[in-house]
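Biologist: Please take a close look at one part of this model and tell me how its residues are placed. Plain words will do.

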Amino acid sequence: MEFGVHHANHYYGHSHVLARYCGLDDAEPPRIHGYLQHGWNIGDGMAPDHEYVPGIAKFVWSERVRRRAWSLGRREVYVVGAPWAYLLALSPEPIDAPKREGTIWYPFHGWEGQHIVGDHNGLIREIRDTETGPVTVCLYWQEFRDKRVRALYERAGFRVISHGYRGGWWKDLDPGFLYRQLAEQRKHSRVASNRLSSAIVYGTLAGCEPAVYGDPMQLEGEKSAFGGQARIVREWGAMHGTSIDLDYARALATAELGADRLLPPAELRRLFQWPAPQDVPDFELTGVIPR
Amino acid sequence: MTTLIGGEMLAWSDLDGSHGPAPAGGDALRSLLPAVSGRTLVAGPHSPQLVAALPTTDVTVLIRGDLDAPAFDTPVLCGSLEKLETLPAYDTVLALDGLGRLHSAEAPPFTWDETLTQLLALLKPDGRLLLGHENLFGVHRLTALPPAPADADWTVPDDHDPARPAGHPRLLARLTAAGLRISRDYAAYPSLTAPTVLLSEEALAAPTVTGALQAAVATALAPTADTLADPVRMATAAFRHDLGAALAPAWVVIAERGTPQPTSTPDAVLDSAPADLAELPQGRTLADHLLAAAQRRDLPALRELLTAWQSGPAAGVPATQIVAAIPTPTGLLPPDTADSVLPDTAPVAPTPASAASSGPAAGSPTGGRVALSPLAPAGEPLQALRAFAAEVIAGGYAHLWPIQADEAELTAVLAGMTGRELEPGEVPASPTPATHSVGDLLADRERLTRELSEARAKHEWYEKMLLHREAELKRVRQMNALLSATVPGKAAAGLVGGLRAGKRAVRSVVRRTRGN
């Protein structure tokens, strides 16, 4: 198990985005001295498999998670905001962007080794009954590789994509994950899923109208850590439904992703114990490090 | 002219400070002298400069040690108060040193009440008394280590004694009961005999100038000896709790017999100079705002305040010496501003590194709305920032940051919060503290113990990881050796060798061609 950098810090290219924001080489992001929250979380922000070394910083996305983590006995917790929010700050949507259309739909997935109990066909019916525009289904890489699952959604007339593999243990890391996700979400006017998850919060911040409906597809032997799906529905009830109050959703996404409290690069570098950016004159002008 | 009245102490001086505290004096007390008029008795040790500054010519000084008599140009009565002829002869009695040094060692002990009665017996029916009184529960005593008694302490003022008024309200009540009307009363900092700050009831009741008052008190209380706890931190906390008078080291009261006469003494004396309340900057200190934001965990507000401070002309002024005026009463941002950060407009974010050269204030949503009024001259900005970091650590606010509570490191993070790139090594060294507080030392020990155990845990983890990586490296090397021995491995090695030979051949051809 790794700390500073925990291998999870590189999931989805999170540390790559932050390195770019900090003016560092985003092909080889430096080691973050601390644990970085890597998904929207109803617990203490950290993955359950983390092994903690005392005194090591935990960087979480939102003030709400910080409060919760503190109450759960975590210390050295600091709100930095989500890498997604930094990515959006780095890549504002162009004014002349093509018109958004349709829905990007994320069927809830498990992780490696978790298998979903649920009915894809039932879900497909609900999607068809609800969405009026074209639908893009984004599958987790595991399901995307499964031809049967893919074919199910394709036969329904949906476009089927995957944002890629999140990576792990510094192997098969995918620094392009978030970029692809942002590009796809910005093509769509709605983002939907059968569970409130990172993708919904991301999409909302990226300008999509969110929706959460359909069979939540329980995982086989799913553990209800921090209250699980039942608590999500209870606590974030207003984020569920085929149509959600947009102002509320945006305020929530801003808060949950810490988008209103991003750090200046100098502060982020200091806390991660990252080096100062190279003195590359071109970089000052273009924001691109030549390699 | 010196008159020995009886009870005088030979070879004794209260003025030289060798047997007890120095006499009452200083420019702050000088600001009260407009209240002095007519025939005046200066009772007890007062500095000759103060006596010389009295706005009246008819001055008599009462002292107990014969060595002090030559210091005064005025008539001197040398001896013990109770020996003085009890005639109500004086228009003004000045007892700014309090009632503790009016009797000599020859005199039987008198209570505070008895001493006051003796003093008031000298005052004309319409006379005026200027009286100092040490607060035995003042911040100076609450934070002090047990003192060694001085020669003058053959009896000491004691708060077990019901005859000595304990607390500000009781002092005023006792004077009123003695037939006086109080026209002015001041809380005095940092001590009875050498105050540099005098705050009238009116000043203490003015909520808008609390920052300027706290800044002055902080300067006044800068410790000169080891303490139990930081007196500045305690005094500023006392002000926040509206205890600025209750916990003042001393009080100075101006009271009259008969009809109170208007006095032209100032509402406040700050840094030994009279101050007009209407002209003081309004608001709380910047340090107060910063720590409040830290305690609320309001990082955006903290960043904005730090940036406003460090990017402006007040950057070199300590945060405790700046009054900050901020438009909204509760904080920086009106509650609705957070909602304006919507994805449609792209999140309002601090400038990414690619544009960071445009300046540290860039990206501040309410930039320029914080007005800072410095109350002290500016020094080196990084020293000021470091002093704030030191206060954050010593005051117990450092757990907001997920770093070891090291002054230089925290200073660098604070600089980072303003967008400034700073390595801890570039932070100027702090001056070696001349004094220590026992409480801070204990907290430091506690913190260092924790940090050491954390460092050990980290070390163990690194050790474990190193072993893991070494094993992995060994395995990869073995696999490499094994693969190179196989047929495809040899073929690959041969292929690479062939390619290298080919590259060499091409290069030599190119060279020869160029040579032609």
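Modeller: Domain 1 (2-273), domain 2 (285-335 + 363-436) and domain 3 (486-516) make up the division of chain B, with bounds from an automatic or database domain assignment. Between the centres of domain 1 and domain 3 of chain B, taken over C-alpha atoms, there are 99 Å. This is a predicted model, where local features need pLDDT of at least 70, side-chain atom pairs count only at pLDDT 80 or more, and totals for chains, interfaces and linings use all residues. Residues are numbered from 1 along each chain as its sequence is written, while chains are lettered from A and ligands numbered from 1 in the order in which they are written.

For the close look, take helix α4 (residues 120-130) of chain A, whose buried residues are A:L123, A:I124 and A:I127 (buried: 20 or more other C-beta atoms, placed from the backbone, within 10 Å of its own; exposed: 12 or fewer; partly exposed: in between; helices are DSSP runs of H or I, at least four residues, strands of E, at least two, numbered from the N terminus). These buried residues lie on the same side of α4(A), because they cover an arc of only 100° around the axis, taken from the directions from the helix axis to the C-beta atoms. The face of α4(A) turned away from that side carries the exposed residues A:N121, A:G122, A:R128 and A:D129. The cover over the buried residues of α4(A) includes β4 (103-106), β5 (135-138) and α6 (147-155) of chain A.

Technical notes:
Contact = placed C-beta atoms within 7 Å.
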